[in-house]
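Subject: Structure for your review

Dear colleague,

Please find below the structure that I am handing over to you. My notes on it follow directly after.

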Amino acid sequence: MVEFIKALETQDSSLLCSVPKSDLHNHAALGSKLQDMQTAFGISIPSAPPFMNDIAEMNRYLHAFFKHVMSREGFEKSIVLAFQQAVKDGVTVLEMSMDCHFLLFYDKKMEDLIHFLQHTHQSIAPHICFRPEVGFSRSEPVEKMEYLLQPFIESHYFQCIDLYDDELAQDAKVFQNIYRKARQSGIKCKAHAGEFGDAESVRYTAEILELDAIQHGIAAAHSRGVMQWLEKNDITLNVCPTSNVRLRRVKNLQTHPARILFDNGVKITINSDDIAIFNQSVSEEYQNLYDARLFSAQELNTIREWGLDSE
């Protein structure tokens, strides 16, 4: 789209935010700018460290300073903020991930959670193609996750599922039964892989869980064979550039492996991950990649269109 290319080339943030784009890797409770969250909750929240060495360090920061979202009221307020952020950023396709534990805020009454999400979506962003996503931790016992995820899978409302947290915590194969049930219910299957693991872990996780898309997956850039496999199987990598830099998976944007993945035919999308932590909207991620000269404006438009065409 001409407007998108013009916006990048002229650094016109208002125009850039007006152009339709997707966010397919968005952790909902952290889906708004920190300043907006502080204003809405009336509290002071310190910014995340400039760099963190692993997921454990990030989780320590979250557990220390984000207790305000760990209630029904706090969760609902954070979801409202995330939808408002998506509207401001021009996001028109949104796969927003909510941890399965959030159902406990509703006394396990799935209909109440769904009612809230439907009402919030329709009242704030009815024009957005919203695909509710349930997420769960790779660090927790699989039996517990199966129990908590069952109502999400059976709801026929949640359209995606994602396995996240420490990708080295347990072998992906222990979650095969969960993904089999999700797939049988027509749910899009995603999982974090290749963020901290190696290239082969990307292919292994995708094969074991029969994934449609991978969250991050950047380690695949180290293996021509894995990239060929991803291209052949039409598996998209939902990349979050600033997250990768801040978590020390990539030295800087100028050397981000998204370039290698793109050049080797792997379909990628650009996403926010945790806006409250990394302080970058999707529009800002695109502008950052253009300013870093990692991609041309035309190439970034191709990536933008891939995200909008995702299913």
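A crossing of two helices is called right-handed if the near helix is turned clockwise from the far one by less than a right angle, and left-handed if it is turned anticlockwise. In this predicted model, α1 crosses α15 in the right-handed sense.

The contact draws on Phe 4, Ile 5, Leu 8 and Glu 9 from α1, and on Ala 297, Gln 298, Leu 300, Asn 301 and Arg 304 from α15. By character, the residues of this contact comprise five nonpolar, two polar and two charged.

Two packed helices are described by the angle between their axes and the distance between the axes. For helix α1 (residues 2-10) and helix α15 (residues 297-308), the packing angle is about 130° and the axes lie 9 Å apart. Helix α1 is therefore oblique to α15.

I would also draw your attention to the backbone at two positions. Most residues other than glycine have a negative phi. Lys 108, which is not a glycine, nevertheless has a positive phi of about 65°. Lys 108 is located in the loop that runs between β2 (91-99) and α6 (110-124). Its relative accessibility is 47%, so Lys 108 counts as partly exposed.

The second position is Asn 279, where phi is positive at about 60° although the residue is not a glycine. Asn 279 belongs to the loop between α13 (275-278) and α14 (282-291). With a relative accessible area of 39%, Asn 279 is partly exposed, because that class covers values between 20% and 50%.

Yours sincerely

Definitions and conventions: Residues numbered from 1 in each chain as written. Predicted model: local features only at pLDDT ≥ 70, side-chain atom pairs only at ≥ 80, totals over all residues. Heavy atoms only, no water. Axes fitted to C-alpha atoms, helices over the stretch in contact; angles between N-to-C directions. Helix = DSSP H or I, 4+ residues; strand = E, 2+ residues; numbered from the N terminus. Parallel < 35°, antiparallel > 145°, perpendicular 65-115°, else oblique. Contact = heavy atoms within 4.5 Å. Nonpolar A, V, L, I, M, F, W, Y, C, P; charged D, E, K, R; others polar. Buried < 20%, exposed > 50% of the residue type's maximum accessible area, 1.4 Å probe, protein only.
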